[in-house]
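User: Please take a close look at one part of this model, starting with the local backbone. Then work outward to the surroundings and keep it brisk.
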Amino acid sequence: MTAYQIDFYQNDTASTLVYSTGKTTLTAPFWGVNYAGETQYYTAVIPASVLTGAGMSNGNTYKFSITQWWTADDSVQQYTASVFITRATPTLTMTAIEDPVESKSYSFTASFSQAQGDSVKWVRWQISEKGAEANPFYDTGPIYGTGELQCDYDGFLTDTIYTIQCTVESSNGVTVTTGWVDFPVSYALGEASGTASACMLVGIPCVWIQWDQMLVADGYSVMRQTAGESRLVKIADVESTSGQIRDYSAKSGETYTYYIFPTGALEYLTEPMVTNQVTAQYWFWSIVEAEPLDDTGKNYSAVNAYIFRYNASDGGFSNNNSPQITANFTPYPTWQGTTTNYLSGSVSGYIGTVSQDRSIYSDTVEQSEALYALSTTKNALFLTDPKGHFLRIRISSAVSVSVDHKKKEMPQTATLSWVETGNTEGIHVIMYPGGDYYPVDRVIQSSISIDPETGKLVWTVPDNYSGTGSALSLNGNGQLVQAKAGSFNAATMAMDQTTGVVTASVGE
């Protein structure tokens with residue numbers, strides 16, 4: 001190309017000419033293909049002031065044509081296939097943020113306007129620690145279908161400077177941003193008066209968090225920080241009577257630190273109690289059944305965990321994406337992709353229990369029936385595995401249970417097929433004391449002493465245990481007798497004089 005001309009017209013029947021660049025000759029020819037055989041595109045810039053001076057204005061539609069010359073007499077004229085719209089640049093402003101923010105939670109807002117009345121196509125919020133804007137810890141991604149420019153976040157650490165950015169695309173495709181807006185966070189807290197700790201529970205797919213309770217606290221806000229991230233994520237609000245929870249949404253292979261904020265009339269009473277770092281590592285597959293704690297769709301309480309630990313098959317995944325390669329008239333085929341990209345698979349294992357030394361195996365019909373119920377339950381189901389998956393799933397086909405009659409224990413093996421049904425970003429699954437399914441410790445500290453008045457051996461238990469003590473004594477026949485106490489049954493124990501074995505029989 002040696003010269004060009006661009007003509008702009010009104011979008012009317014007469015195609016009224018508004019502005020023309022006139023024939024503009026290039027100082028050197030422009031080639032549409034460079035020396036390497038790559039396509040090149042020519043760009044011509046026309047200042048907005050020139051177009052405005054010619055009478056073009058925002059809010060109207062126009063069309064244009066381009067004429068290209070190769071020689072003085074050899075040219076071609078091209079017309080646009082559609083009109084273009086002229087618009088004023090939208091404005092997007094962050095509402096003034098408190099300085100400093102005196103809470104670990106805050107609600108941010110922004111305002112959008114456009115002279116011709118364009119609406120919001122999508123909005124995106126990003127939050128980062130100052131200096132780490134390239135890797136924000138909070139990013140909503142484009143949110144479509146809303147004109148409410150608001151972002152609520154809970155998890156700021158005191159004495160830290162953060163920065164936030166709002167981005168909007170208008171209904172006519174123009175993107176504007178507030179840019180990064182800095183804000184300090186500083187809120188006064190009393191000194192923490194307790195300690196907290198976190199650990200893995202053997203054979204259970206969760207992290208156990210416990211802390212010292214405070215008499216002045218109305219409750220506790222439990223936050224989680226993943227190693228390598230600078231944000232806190234709330235996983236639970238619990239009552240003042242709770243001093244522990246179980247985190248079933250912890251991913252295998254991730255390292256976490258937990259922050260427990262005592263809450264009350266002044267919101268956050270003290271600095272958080274901070275646990276040690278704990279790395280979640282599961283050596284088995286599990287399916288956790290959970291009920292919603294609220295209406296957000298993000299917070300759940302675990303009601304049961306089905307662990308595939310013994311004789312478990314190797315778990316596998318399929319992403320169900322089936323792109324097609326179709327032959328055509330060129331030497332190369334055409335790739336036709338699909339948008340399907342959810343995971344599915346199956347898992348199987350013994351349904352019963354095994355003794356600590358793995359010498360005894362037992363299972364029940366009730367256990368198999370509980371697994372059958374997973375395919376019909378309305379509760380949410382989540383799958384975790386040793387590689388760090390935390391997936392929301394449903395059982396995708398009938399649950400099958402087989403019985404191995406060749407072994408004396410006749411173990412039952414269950415096989416469950418599953419399919420991923422949703423994103424787990426922001427979802428938390430916990431179990432807390434007071435819930436219907438929270439396990440009760442089986443080991444209770446106790447002491448045995450001799451009653452000086454009766455000579456009986458007396459077993460006593462802690463004050464916070466709901467049962468009562470029992471007494472052991474010798475009866476007139478030389479038998480050791482356990483007197484019935486509270487919910488305990490009385491039992492008698494006697495030694496077989498021939499074998500020396502002590503046997504016990506339960507009394508009435």
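Analyst: Ser-15 is partly exposed, because its relative accessible area is 28%, which falls between the 20% limit for buried and the 50% limit for exposed. The model is predicted. Ser-15 sits in the loop between strand S1 (3-10) and strand S2 (17-20). Its phi is positive, about 50 degrees, although Ser-15 is not a glycine. Most residues other than glycine have a negative phi, and most peptide bonds are trans.

Asn-320 also has a positive phi, about 60 degrees, and is not a glycine. The loop in question runs between strand S26 (299-308) and strand S27 (324-326). Asn-320 counts as partly exposed, because its relative accessibility is 26%. Thr-339 faces Asn-320 across a C-alpha separation of 9.7 Å, with their positions 19 residues apart along the chain. Thr-339 belongs to the loop between strand S28 (334-336) and strand S29 (344-350). Its relative accessibility is 82%, so Thr-339 counts as exposed.

The peptide bond is the next backbone feature. Asp-99 and Pro-100 are joined by a cis peptide bond, with omega at about 0 degrees. Pro-100 is placed in the loop between strand S7 (91-94) and S8.

Strand S8 itself holds Ala-110. Ala-110 is buried, because its relative accessible area is 12%. The C-alpha atoms of Ala-110 and Thr-95 are 5.1 Å apart, although the two residues are 15 positions apart along the chain.

S8 also brings in the aromatic rings. The whole structure contains 25 aromatic pairs. In one of them, the rings of Phe-108 and Phe-156 have centres 6.1 Å apart and planes at 90 degrees, so the pair is edge-to-face. The centres must lie within 6.5 Å for a pair, and planes over 60 degrees apart count as edge-to-face. This pair links distant parts of the chain. Phe-108 is in strand S8 (residues 105-113), while Phe-156 is in the loop between strand S12 (150-154) and strand S13 (160-170). The two residues are 48 apart. Phe-108 counts as buried, because its relative accessibility is 1%. Phe-156 is buried too, because its relative accessible area is 0%.

Both rings belong to one aromatic cluster. Its other members are Tyr-106, Phe-137, Tyr-138, Tyr-153, Tyr-162 and Phe-183.

Rings also meet charges. The charged end of Lys-104 sits over the ring of Phe-261, 5.2 Å from the ring centre. The charged end of Lys-23 sits over the ring of Trp-69, at 4.5 Å from the centre.

A polar pair comes next. Ser-249 and Asp-247 are joined through their side chains by a polar contact of 2.7 Å. Ser-249 is in the loop between strand S20 (244-247) and strand S21 (255-264). Its relative accessibility is 2%, so Ser-249 counts as buried.

Another loop holds Glu-133, between S9 and S10. Glu-133 is partly exposed, because its relative accessible area is 24%. The C-alpha atoms of Glu-133 and Gln-165 are separated by 9.3 Å, and these residues are 32 apart along the chain.

S9 and S10 lead on to the largest pocket. Rolling a probe the size of a water molecule over the atoms shows where empty space is left. The largest pocket has a volume of about 1400 Å³. Its lining is made of 44 residues. Those nearest the pocket centre are Arg-231, Val-233, Glu-425, Gly-426 and His-428.

Several strands each give at least two residues to this lining. They are strand S9 (120-129), strand S10 (138-139), S12, strand S18 (219-226), strand S19 (233-239) and strand S36 (428-431). S19 supplies the largest share, seven residues. By class, the lining has 18 nonpolar, eleven polar and 15 charged residues.

Definitions and conventions. Residues numbered from 1 in each chain as written. Predicted model: local features only at pLDDT ≥ 70, side-chain atom pairs only at ≥ 80, totals over all residues. Heavy atoms only, no water. Phe/Tyr/Trp six-rings, centres within 6.5 Å; stacked < 30°, edge-to-face > 60°. Helix = DSSP H or I, 4+ residues; strand = E, 2+ residues; numbered from the N terminus. Buried < 20%, exposed > 50% of the residue type's maximum accessible area, 1.4 Å probe, protein only. Lys NZ or Arg CZ within 6 Å of the ring centre and 35° of its normal. 1 Å grid on protein atoms, 1.4 Å probe; cavity = no way out; pocket = protein on both sides within 12 Å on 5 of 7 lines; lining within 4 Å. Points joined across faces, edges and corners; volume = space filled by probe spheres on them. Nonpolar A, V, L, I, M, F, W, Y, C, P; charged D, E, K, R; others polar. Polar contact = N/O pair within 3.5 Å; in protein donor to acceptor, adjacent residues only side chain to side chain.
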